[in-house]
Amino acid sequence: MKTPRFLLPAATAGILALTLSACGGGGGGTTGGGGGSDADANMDARGPITFVQGKDNNNVIRPLIEKWNAAHKDEQVTFKEQTDQADQQHDDLVQHFQAKQSDYDVADVDVVWTAEFAAKGWLQPLKDKMAIDTSAMLPATVQSATYKGTLYAAPRTSDGGILFYRKDLVPNPPKTWDEMMGMCSIAKQNNIGCYAGQFSKYEGLTVNASEAINSAGGSVLNKDGKPNLNTAEAKAGLENLAKAYADGNIPKEAITYKEEDSRQAFQSGKLLFLRNWPYVYSLMSTEGSSAVKDKFGMAALPGKSGPGASSLGGHNTAVSVYSKHKATALDFVKFLTSEESEKFYATQGSLAPVLGALYTDQELVAKLPYLPVLKTSIENAVPRPVTPFYPAVTKAIQDNAYSAIKGEKTVETALSDMQKSIESAGAGS
Amino acid sequence: MATELGPTPVKSPASGGTPVHHAPKGVGEDNRIASQGRWASWLLAPTIIALATVIVYPIISAIVMSFQKDAGLDPATGLFTAGGSAGIQNYVNWLAQQCSAPDGGTVACPPGTLGGQFWSATATTFFFTIVTVAFETVLGFWMAMIMAREFRGRSLVRAAVLVPWAIPTAVTAKLWFFIFAFEGIANKLFNTTILWTGSEWPAKWAVVIADVWKTTPFMALLILAGLQMIPAEVYEAAKVDGTTAWQRFRLITLPLVKPALMVAILFRTLDALRMFDLPYILTGGANNTTTLSILVINQIRQGFNSAAALSTITFIIIFLVAFIFVRFLGANVVEQSGATGKGKK
């Protein structure tokens, strides 16, 4: 019973450290590439399938599935609802696809995950027998679902940034960034902040920084998917934000803003201009506490010489290569992206359609007055970088844009660091 | 937590249950003891197998993964291909903050990569651990002293003190997130315009404040359990001897409460070293509030195998800290489990 004095503490420490850090581990398996054979299998097979998406907030998807199921007795669709957290939805899909499970036939995929999943070989290429008609869809939305020239998902809903402005103070909205900065004197006279977007260090900053770079004529990635940030255009774009923050045209507290904080600031009358998603429209025009109810207008984001380039939000719908019933899955994808369904997303869930024609539909415009402006926005939109390394790319943009806006490093250094970080991510290991 | 303490006391009679200790006994009794030992190990087997499946297997699988390369992109097809063996490269990359370079080699990680954050995340983790545990110990001790006194409504106070600890950390983090918003209560109350989540030191202190608020009750309860083990006669005797309150605290309370205190500090330290949800929700890891656990989770999205290496490194760091505590600072969680083990649960 003589345990060496040394062993007991070591064993105790080990057990404690194990139990406490075990939760940190996990995530498993190696990533298989290819999937060529899986992609060719089951293309004519029909039968019951499962559709997966995040929380169905406005009860949009359930009525549609009921409608489908009533018409397709032998090809019933089961709805698997995930949480309302994007990260968790992503990880849930990864786990199921990685295990090559056939239980997720059709999945709702955020625009920024599409390239990653396609490169992992998990999404059925929508070509040949599996092709869908994208001619009526807005080009930017199709681009967000295209990886290496192949369409991997069907665009289903879209979203774009809009400039909200105080029409009681600014009769005509600015068309360019410089024009908007020129109007900041109006904000000073009224003792309010001039412009804000979402500049907290999170996904929203990637959206805003990419918009600034794209609107000035630059781009984060070039056509080959390589970073392209050491350019005069990219510099001019990011400098616009950095300079406005240094001048005070973007108020200091905007560095902590996410969508909701920036909405509340505008809604309580503390901002002249706000970049945000269309969802804020109904809140700002109906909420009792809103100080700007009838005092705000909407316009396309300001660019260099005309409308700026918004980043694109929204969701695509993809078919899993492991699905056992791909013919049914494809029909269901077509059903979800049909004009009728698209219209239902807009009326029931205030989700922007991907079909250009619907933006001028009288009935829809009456319900969602921002549609014409949003159409301009999405027509000029550039998808966020379409890359399988999106998590690394978005981090590179966030970290460096954040430092540049706060003035912790120069815009040149920030862009060159951004370039190097993205190169490193793309270099793999 | 109590499960791993179970086997130790039971094992000793099983292995050391030789007849030597028991002076007068017959042959049958010996057999009974031997068979009892075997019986005991059979009874323990399911627990040990369960622990091996849920703790040992994931750890080993993570360690195996950590020696694999992450999937790389085949430039021709644009598809990911498995990376193959990496040797210790993943570990070297983290420790030396090296990232892959386009030419196939490695370069110092540029700002904006996870690899470039390893040492700053380590420093942040230790900063949070040391500062929060220090505050929690002092405040927890103070709260425990108050709760140990006899007064009306004592059980109410004890229950109320537990409230912050009973709230899930994610909820706490969200509450503090609203408090520390620019238009939040903190700035309104003190009439300040601090960007709590927008610059380095305010962000760090915001995390410390939220964590201290949440976990001090845990500390207080563990210390309270220790305080109540001290017999009242010891204090009475000391009073008769004419000691001052400070002397009683220093010479009686502190030494006698030390075993419980050390266990409480050990548990809080290990807990703080893996801090994740509070800074993740409160600041998103911005402004140098990224802890090692946040780094691991972010890395999982960029590549499992490197993340496995990082979580193994984190594990080793926590192991070393736990070892130092147990070996050198006398945090005794196993021996005299009657005295300290009880207060722990």
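Here are a few numbered notes to help you find your way around this structure.

1. A word on conventions: this is a predicted model, in which local features need pLDDT of at least 70 and side-chain atom pairs count only at pLDDT 80 or more, while totals for chains, interfaces and linings use all residues. Residues are numbered from 1 along each chain as its sequence is written, and chains are lettered from A and ligands numbered from 1 in the order in which they are written.

2. Start with the domains of chain A: domain 1 covers 40-159 + 313-379, and domain 2 covers 162-309 + 389-426. These bounds come from an automatic or database domain assignment. The C-alpha centres of the two domains of chain A are 29 Å apart. Each of the two contributes 12 residues to the contact, where contact means that C-beta atoms, placed from the backbone, lie within 7 Å.

3. Next, look at the sheet in chain A. It is open, has six strands in the order β2-β1-β3-β11-β6-β12, and its pairing is mixed. Strands here are DSSP runs of E, at least two residues long, and helices are runs of H or I, at least four, both numbered from the N terminus; strands pair if DSSP finds at least two bridges between them. β2 (77-81) and β12 (352-353) of chain A are at the edges with a single partner strand each, so one side of each lacks a neighbour in the sheet.

4. Within that sheet, β1 (residues 49-53) and β3 (residues 106-110) of chain A pair in the parallel sense over two bridges. Opposite Val52(A) you will find Ala107(A) in β3(A).

5. Now for α18 (residues 411-426) of chain A. Its 16 residues should span 22 Å at 1.5 Å a residue, and the end C-alpha atoms are 22 Å apart, which agrees. The expected span is 1.5 Å times one less than the number of residues.

6. Is α18(A) largely enclosed or left open? Of its 16 residues, 12 are buried, so the rest of the structure largely encloses α18(A). Buried means 20 or more other C-beta atoms within 10 Å of a residue's own, exposed means 12 or fewer, and partly exposed is in between, with C-beta atoms placed from the backbone. Among the buried residues are Leu415(A), Met418(A) and Ile422(A). Their cover includes α10 (232-247) and α17 (390-406) of chain A, together with β3 (98-100) and β4 (106-108) of chain B.

7. Finally, visit Gly306(A), in the loop between β10 (296-299) and β11 of chain A. Gly306(A) counts as exposed because it has 12 C-beta neighbours inside 10 Å.
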